[in-house]
Amino acid sequence: MAGGPPAAPPPQADGCLAVAIRVPVRIVVLVLVVPVRLVWDALAVCGRFLWLKALRPAGRAVATVLTWLFKSVFVWPWMGLWRYVLVPVGKGLAWLGHVLLVIPLTWLYARVLTPIGHGIGWVARGIGAGISLLGRGTTAVVLGIGAGIAWLGRMLLVVPAVWLYARVLTPIGHGIAWLARGIGAGAMVAGRGVGRALVWLFKAVFVWPWVGLWRYVVVPVGLGLAWLGRVLLVIPAVWLYARVLTPIGHGIAWVARGIGAGIGLLARGLWTVVTTLCRWILVVPAVALWRWVLTPVGRAIAVVAREVGGALGHAWRVAGHISLVVGRFLGRLLRWIFVEPVRWAYRSVLTPLGHVVRDAVWRPAAEAARSIGRTTRQALATARQSVRQARADVRRMLFGAPGQPAPVAAAPGEPAPVPVARREPDRPQARTLGSSTTALTKD
């Protein structure tokens, strides 16, 4: 047998109830759902348009304003404080600390402490060299004096001390040691005796009385009390437990078992009666109601609900297609009524008219305005030149011609240079803002 996936169970055939209610339910639901779907699609289109054209730009504008407000309140003041207050103050403090501390300390170390240290080192090296030279000169004298003192000390101290140790102190020490050994042996024997006496006295005073008290008083009294307690308490308690309490307990247990058995039989009977009554009064009617009433009704309701749900889904999909067709028809209708006439008017009327206006009116008007501007500027330049020339002639008539420099001899074959007036330059056209602007525009 092949190990493929198990085959799907065959679909169950619909009952007569489902077939009977399917078509009318779908017709009614389609009639009710189509307007709802049309309204829903219209609201969706309007909401999408409103979101794309109004709410999202407004949200972005509000977010931009809030962002700018947040930055202006919380970010930019701190940035300005950091950039224009704290950083310059920190740099100023760093420069001030460098100027007031680092540079003076560096100068002090380099110009004061270092030369002083070098001087101290040089003085210490000189003193060490002098001491070493002095030590080399006095070494021989010190060695000779030391040798004489050593020989004198050996003859006056060492030799008499060795003789005194060998001939006097050693025999005296040997005698003292022999006498000490004898005294030590006697003291040891006497100490052993005294120690034994003290040990016996300590035991007699502190140990033996308590041992006798424990052995001959406490132990017999304890044994007597234990025997008395056993005879007066343990044996009567054991007899009472074995001969009185045990039979009484067995009797109570037998009575309790009998009572429990009776109560159990009674309770079992009552439970049987109660369960039988509950079964016939509650369970059997409830089962019959569930089996013969609620289950068929629930199945019918389930079939109706399933068919209504399927009809709603089918009607919603069909209404979607209808809404799509209606929307396309309305869009095409709006395009035919508004968009195409406007497009035709723009392409066929406004565009040629604009070209005609541009070529026939705007460009000639602009060229005429530029010609009038050039003519006006030339007339103004000519008038200014005439005014300058007349002012120069009046000045020459009133005050005479200005002093001319000595003419420079020209080279053979070259024309003589023409003097130029210093205060009234003779230019063909004055340099004005209009002329410079016109020149830049022409360039």
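Which side chain meets that of Arg343 in a salt bridge? The legends below take up this question first and then turn to other close-up views of the predicted model.

**View 1. Arg343 and Glu340 form a salt bridge within helix 1.** In this predicted model, the side chain of Arg343 meets the side chain of Glu340 in a salt bridge, with a distance of 3.8 Å from N to O. Both residues belong to helix 1, which covers residues 16–399, and because they are 3 residues apart in that helix, about one helical turn separates them. Arg343 has a relative accessibility of 35% and is therefore counted as partly exposed, while Glu340, with a relative accessible area of 27%, is partly exposed too.

**View 2. Arg335, Glu340 and Arg343 belong to a network.** The pair shown in the previous view does not stand alone, since salt bridges link Arg335, Glu340 and Arg343 in a network. For context, a search of the whole structure finds 8 salt bridges.

**View 3. Arg358 and Asp359 form a salt bridge.** Here the side chains of Arg358 and Asp359 meet, and the distance from N to O is 3.4 Å. Arg358 has a relative accessible area of 37%, which makes this residue partly exposed, and Asp359, at 41% relative accessibility, also counts as partly exposed.

**View 4. Asp393 and Arg396 form a salt bridge within helix 1.** The side chains of Asp393 and Arg396 meet in a salt bridge, for which the model gives a distance of 2.2 Å from N to O. These two residues lie in helix 1, and because they are 3 residues apart there, they are separated by about one helical turn. Asp393 is partly exposed, having a relative accessible area of 29%, and Arg396 counts as partly exposed at 40% relative accessibility.

**View 5. Two stretches have a pLDDT below 50.** Across the protein the average pLDDT is 79, and 80% of the residues score at least 70. Over residues 1–13, however, the pLDDT is below 50, and this stretch makes 0 contacts in the model beyond near neighbours in sequence. Residues 433–443 likewise have a pLDDT below 50, although this stretch has 5 contacts beyond near neighbours in sequence. Where pLDDT is low, the predicted coordinates should not be read in detail.

Conventions:
Residues are numbered from 1 along each chain as its sequence is written. Side-chain values use heavy atoms; hydrogens and water are left out. pLDDT is the predictor's confidence in each residue, from 0 to 100. Contact means heavy atoms within 4.5 Å. A salt bridge is a side-chain nitrogen of Lys or Arg within 4 Å of a carboxyl oxygen of Asp or Glu. Helices (H or I, at least four residues) and strands (E, at least two) are DSSP runs, numbered from the N terminus. Buried means under 20% relative accessible area, exposed over 50%, partly exposed in between (1.4 Å probe, protein chains only).
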